Amino acid sequence: YGSTRPERILAEVKRKATRGDARSVVDTIDQYCRHQEWAMNVGDEKGTILDSIVCEVKPRAMLELGTYCGYSAVRIASLLPPNSRLITMEFNPVFAAIARQVIAWAGVEDKVVLIEGPSGDWIPKMKKEFGLTSFDLVFLDHWKDCYLPDTKLMEECGLLRTGSILVADNVICPGAPDYLEYVRGSPRYESKYFRSHLEYTTVEDGIEKSVFLG
Ligand SMILES: Cc1ccc(Cc2cc(O)c(O)c(C(=O)NC/C=C/[C@H]3O[C@@H](n4cnc5c(N)ncnc54)[C@H](O)[C@@H]3O)c2)cc1
Ligand SMILES: [Mg+2]
């Protein structure tokens, strides 16, 4: 099927998932990536941790950095209260095109805005482009060496308010050591580690939840 892994994932979603049913899209991708070919989705185990934080925060405005195939965008969007919005950024046009179709198949396109471009360019434009004051919740799952610079950029652009929450995937594997040191060492963050495993494996990984204190 298809020439790239994301294309094969999309083909599987169209073949197996029920159109308009976000949960079936999530489950289809998890099944495929666990049993056919691994892919870097946050996955079912860490996804459950992410779900609990989204349900606790009930964000009106949420940002995701690194859409990839749209797995976590669908997972998050399916939990968002009415008139809430997930803005997700993806700079690879091939991945963005696949993600748009996965998001549409799941029937959550009215809750998701996919921005095609680098986070570094778009973060400074968010307030103006989207009439935003700040993000209630941010999910970081893009290149791991972008976590820290983008967090500092969001601070500088006034996109974080007292109580804004950052949720970072892969803080152990592949790891984001500079980001971890920052959020755990800074008096401006209250940070907590949720131990888990790298998606679809038994390798240790985890999610870091950091509350911005202003
Ligand atoms: C050694 C090793 C390798 C891989 C693993 C396994 C493993 C497990 C995981 O859960 C992982 O998230 C990852 C991982 O590397 N994720 C990077 C994800 C990038 C996506 O985000 C996109 N993107 C990257 N930077 C930006 C940016 N600035 N602006 C906009 N989009 C960006 C890219 O276009 C991709 O769509 C890896 C574990 C250990
Ligand atoms: Mg990840």
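Of the 23 residues around ligand 1, which come nearest? In this predicted model, the residues that come nearest to ligand 1 are Glu 90, Asp 141, Lys 144, Asn 170 and Glu 199. Ligand 1 itself sits in the largest pocket, and the elements that give two or more residues to the shell around this ligand are strand E2, spanning residues 85-90, and helix H9, spanning residues 171-175.

Polar atoms of the protein approach both nitrogen and oxygen atoms of the ligand, as three pairs illustrate. A polar side-chain atom of Ser 119 lies 2.9 Å from a nitrogen atom of ligand 1, while a polar atom in the backbone of Phe 91 is found 3.2 Å from a nitrogen atom of the ligand. Lys 144, which is among the residues that come nearest to ligand 1, places an N or O atom of its side chain 2.9 Å from an oxygen atom of the ligand. On its own, ligand 1 has 800 Å² of accessible area, of which the protein covers 80%.

The magnesium ion, ligand 2, is coordinated at 2.0 to 2.2 Å by Asp 141 and Asp 169, each through OD, and by Asn 170 through OD1. Along the chain, the donors of this ion follow the spacing D-x27-D-N. Asp 169 counts as buried because its relative accessibility is 0%, and Asn 170, with a relative accessible area of 3%, is likewise buried because the value falls under 20%. Asp 141 and Asn 170 thus appear in both descriptions, being among the residues that come nearest to ligand 1 and also among those that coordinate the magnesium ion.

Notes: Residues numbered from 1 in each chain as written. Chains lettered and ligands numbered in written order. Predicted model: local features only at pLDDT ≥ 70, side-chain atom pairs only at ≥ 80, totals over all residues. Heavy atoms only, no water. Donors = N, O, S within 2.8 Å, 3.2 Å for Na, K, Ca; no water. Buried < 20%, exposed > 50% of the residue type's maximum accessible area, 1.4 Å probe, protein only. Near = heavy atom within 4 Å. Polar contact = N/O pair within 3.5 Å; in protein donor to acceptor, adjacent residues only side chain to side chain. Areas by Shrake-Rupley, 256 points an atom, 1.4 Å probe, with all protein chains shown as cover. 1 Å grid on protein atoms, 1.4 Å probe; cavity = no way out; pocket = protein on both sides within 12 Å on 5 of 7 lines; lining within 4 Å. Sits in = over half its atoms within 2 Å of the grid points. Helix = DSSP H or I, 4+ residues; strand = E, 2+ residues; numbered from the N terminus.
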